[in-house]
Each structure stands twice: as C-alpha cells, then as structure tokens.
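Grab a coffee and work through these short exercises with the model open beside you. Try each task before reading its solution.

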Amino acid sequence: MNDAITSARTRPAAGDNSARAFDVERIRADFPILRQRVHGQPLVYLDSAASAQKPRPVIEAMDRVYESAYANVHRGVHYMSQVATDAFEAGREKVARFLNAASSDEIVFTRNATEAFNLMASSFTRAFLKPGDEVLISALEHHANIVPWQLAREQFGIVLKVAPIDDDGNFLLDEFEARLGARTRLVSLTHVSNALGTIVPVAEVVRRAHARDIPVLVDGCQATPHMAVDVRALDVDFYVFTGHKVYGPTGVGVLYGRRELLAEMPPYQGGGEMIASVSYEKTTFKAPPHRFEAGTPPIAEVVGLGAAIDYVSDIGLEHIAAHEAGLRAYAEERLSAVPGLHIVGRARDKAGIISFVMDNAHPHDIGTIIDRAGVAVRTGHHCAEPLMHRLGLTATARASLGLYNTRGDIDALARALHAVAEIFG
Ligand code: 7TS
C-alpha cells in the first residue's frame with residue numbers, strides 16, 4: 001500500500017469525536033494541486049461546490065486501473081476483464097454502503113448528476129405519469145433538476161410546480177405541503193442549495209409526501225461532500241449525486257433508486273450491456289441497475305469514486321461537517337466586516353456555501369480581481385437562474401468550502417475583498 005493511502009487509512013476512524021481527529025494540514029498534503037501557485041500567489045481554492053479537488057488516493061486508484069487492472073467489464077471471460085469487473089462492481093458496493101442503500105442493485109451509474117435527472121425525467125415519467133400529472137420541485141433547484149422536467153413537459157404533457165422559499169432562502173415546509181395535490185406523482189428537490197447553501201429538511205419533506213403516497217427524489221450533489229447521508233433513514237425513494245464534487249473523478253454520477261420502483265421503470269437508453277436478449281422482432285432487458293447502464297460504463301471513474309468514498313469515510317463525514325461549520329461561521333463573520341458586502345442566503349440551516357454581492361461591484365469583477373490574489377470563487381447565476389430571479393439578482397459571487405480549506409484561506413478571501421471594496425467603494 002502506498003504512503004498516501006496509508007496516511008488516509010491510519011487516520012482515526014469515523015465515530016472518533018475528538019477534535020484532533022481532523023488534521024487539516026495532513027489532509028491538505030493529500031491534495032497535490034493545493035501546492036500550486038496562481039498569479040504568483042498560493043492557490044486559495046474556494047470553488048469546491050463547482051468541483052472539488054482530488055486527493056492522491058483517488059488519482060492513484062485510477063492510475064492503478066489503467067496500469068494493472070484494465071479491460072472492458074461484464075463481457076470477457078479473460079482474466080483482465082474479470083479483474084476490472086470485480087473492481088467496478090466493488091465501486092458499486094462502496095456507493096451502496098456510502099448511502100446505506102439496502103442493496104447495490106439499487107445503485108445506477110450515470111455520466112453525472114445531470115444524466116441521472118434526465119434518466120428520471122424520461123424513465124420515471126414514462127412509467128408513472130400521465131398527461132396532466134404533476135412533478136413538484138423547489139425554488140432552490142439547479143438547472144439539472146428543472147430543465148429535464150421541462151423537456152418531459154413538452155414530450156409527455158406533465159405539469160411542473162414549484163414550492164417557494166422565503167427571502168432568506170429558507171425552504172417553506174407548509175407552503176410545500178400545500179402544493180401536494182391529487183395529481184402530484186413525484187417530489188424532486190435538492191438536499192442542499194448550490195447557490196445559497198440552504199439545507200432542506202428532507203426527512204420531513206419525505207414524511208409529508210409519503211403521507212400522500214408520493215415518492216421523493218433528492219438531489220444530493222451538494223450534500224454528499226458535507227454530511228453523512230443515509231437513504232433509508234431519510235426514507236427517500238431516489239437520491240442523486242455526482243462523483244466530482246465528492247472528491248472523486250468527473251464522468252461518473254449516481255442514481256440511487258428503491259428497488260421496487262426501478263424495477264417498474266423502462267430503459268433510458270438502448271444498446272449493449274443493458275439487454276437480456278436481442279432479436280430484430282423483440283428485445284428483452286436486464287434487471288436494474290444494468291438495464292439503465294447502456295454501453296461501456298466509466299470503469300476507472302467508478303473505481304476512483306470508490307477511492308473517494310473510502311477517503312471521506314475514513315476521515316468521517318461528521319468531522320468534515322464540523323470543520324466546515326466552524327469555517328463557515330468564521331467566514332461569515334470576516335465577510336460581514338467587508339464594507340458594502342451583503343451575504344445572500346441567510347437560511348437557518350446551511351452548509352459551507354457563502355454567496356454574496358457587493359455595492360457597486362459586479363460579481364464577475366469581484367471574481368476577476370480576487371483571482372489575481374490567488375483566490376478562486378465562482379461568480380454568476382450558479383446554474384440556478386430562477387432562484388436568482390426570485391431573489392431579485394442576476395448573479396452572486398460564491399465561496400464554497402471543502403474539507404481542505406483553512407482559516408488562512410478565509411483570511412486571504414477577506415483581504416482580497418477588502419481590496420475590492422476599496423476600488424469600488
Ligand atoms: N445539482 C446540484 C445541486 C449541483 O450543484 C450541480 C452542479 C448539479 C446538480 C449538476 O452536477 P453535474 O455533475 O451533473 O454537472 N453544480 C455546480 C455549481 O454549483 N457550480 O458548478 C456546477
């Protein structure tokens with residue numbers, strides 16, 4: 001076992017609640033990219049909500065696939081194909097354990113979260129919705145959980161409804177419940193808002209939807225990097241996340257689906273790997289999850305995702321959550337002291353995402369100026385244009401935290417923003 005993996009593995013196991021269990025400098029040493037300088041300054045990476053950086057064990061696990069255990073999966077009788085298939089299916093088992101799914105058959109691999117939503121909007125809709133039936137989303141959604149339903153609306157005549165938020169970005173449970181009707185067939189909403197950081201009370205959403213026999217699909221893209229997720233404790237029916245935000249590679253996403261619901265759903269795409277038998281007259285399909293995985297899957301990426309899951313699990317999601325909560329409080333305090341800066345999104349329950357605007361300075365100017373100081377934040381509508389409109393904005397700047405961020409990173413951000421305030425003040 002190499003040093004990087006050993007260092008991750010010998011950290012205190014999840015469940016050890018001592019503060020010393022989380023050693024941010026040791027974690028940073030696992031991320032080669034954090035040693036880079038940009039514009040002559042140390043890189044201060046505060047854009048993990050867009051995509052997280054990768055620790056060495058993930059990079060090395062993928063290298064190992066290509067160097068010593070690579071072939072196509074599920075097809076070959078030969079040795080390499082079996083080794084690759086075992087590694088790929090071990091990745092599925094890791095994802096199942098990560099979400100506490102009842103079975104790895106409930107884990108479907110997709111290209112990213114976006115493809116998982118398109119799969120749902122196509123396949124779930126064809127299985128369970130008739131024209132005029134409703135899908136209820138929230139006002140916090142990323143475009144990935146809006147646009148696929150609009151495409152389904154055009155194709156199948158379904159109706160898209162939206163549960164509102166308040167001006168602070170809080171999800172409104174009673175307003176949500178009031179929109180559950182006789183024709184609601186699915187609730188599809190985010191666990192954590194990528195633009196504001198709002199944490200949605202998913203367990204209570206599920207309780208109220210299930211009281212009316214309505215299944216719930218949750219977008220966990222911004223939750224899985226920051227908190228432990230247990231799909232059975234939450235009692236969700238579907239759960240989506242994307243590999244690259246949880247310190248894994250791009251090119252792989254996950255759709256968890258309750259076995260009995262997946263079993264009723266028709267294929268999303270056709271091709272190799274997903275069939276039981278094919279003739280020109282009639283083709284039959286495999287059972288889930290393979291029914292939904294047409295073509296060669298992202299083999300090294302699934303192995304890399306498994307390594308990322310091992311990495312965050314070894315550190316402990318509860319330690320990561322506590323570290324980021326402390327940093328967020330510190331950041332909100334430091335940023336509030338910047339003249340003319342306004343934090344956007346003041347929900348009661350938030351993850352490590354801080355959106356803000358500044359008087360007289362466009363978010364793109366903020367982002368461009370602080371980049372010169374080595375500070376990376378995202379600016380724009382964050383693929384949540386309807387949410388921006390709801391808040392009366394077109395864009396914000398957004399600092400998003402990862403497990404490797406430090407108070408020093410926040411200090412660098414605050415310093416750079418004070419400089420922006422001076423320019424535009
Ligand atoms: N859902 C949420 C909540 C997201 O934050 C994102 C990506 C997606 C879905 C889509 O994930 P993908 O892997 O399919 O692209 N969010 C962002 C972001 O906030 N900045 O860049 C990408």
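**Exercise 1: Where the domains meet**

In this predicted model, 36 residues of domain 1 touch 35 residues of domain 2.

Task: Find out how much area is buried between domain 1 and domain 2, and which three residues of domain 1 supply the most.

Solution: Start with the bounds. The domain assignment puts 41-54 + 316-424 in domain 1 and 68-313 in domain 2. Next, the spacing: their C-alpha centres are 28 Å apart. Now the area: about 2,900 Å² is buried between the two domains, with 55% of it coming from carbon and sulfur atoms. On the domain 1 side, Leu-317, Leu-387 and Arg-390 supply 21% of the area buried against domain 2, more than any other three residues.

**Exercise 2: Placing the cavity**

Task: Work out where the largest cavity lies relative to domain 1 and domain 2.

Solution: Searching the whole structure for cavities of 30 Å³ or more turns up one. The largest cavity holds about 30 Å³ of space. List its lining: Ser-48, Ala-49, Gln-222, Pro-225, His-226, Lys-245, Tyr-247, Leu-401 and Gly-402. By type, that lining splits into four nonpolar, four polar and one charged. Finally, check the domains: both contribute lining residues, so the cavity lies between them.

**Exercise 3: One serine**

Task: Decide whether Ser-123 is buried or exposed, and name its contacts beyond four places in sequence.

Solution: First find Ser-123 in helix α5, residues 113-128. Its relative accessibility is 0%, and buried means under 20%, so Ser-123 is buried. Beyond those sequence neighbours, Ser-123 contacts Met-265, Pro-266, Pro-267 and Phe-292.

Definitions and conventions
Residues are numbered from 1 along each chain as its sequence is written. This is a predicted model: local features need pLDDT of at least 70, side-chain atom pairs count only at pLDDT 80 or more; totals for chains, interfaces and linings use all residues. Side-chain values use heavy atoms; hydrogens and water are left out. On a 1 Å grid over the protein atoms alone, a cavity is a set of points where a 1.4 Å probe fits but cannot get out, and a pocket is an open set with protein on both sides within 12 Å along at least five of seven lines; lining residues have an atom within 4 Å of a point. Grid points are joined across faces, edges and corners, and a volume is the space filled by probe spheres set on the points. Ala, Val, Leu, Ile, Met, Phe, Trp, Tyr, Cys and Pro count as nonpolar, Asp, Glu, Lys and Arg as charged, and the others, Gly among them, as polar. Domain bounds come from an automatic or database domain assignment. Helices (H or I, at least four residues) and strands (E, at least two) are DSSP runs, numbered from the N terminus. Buried means under 20% relative accessible area, exposed over 50%, partly exposed in between (1.4 Å probe, protein chains only). Contact means heavy atoms within 4.5 Å. Buried area is the accessible area (1.4 Å probe) that two parts lose on being put together, summed over both.
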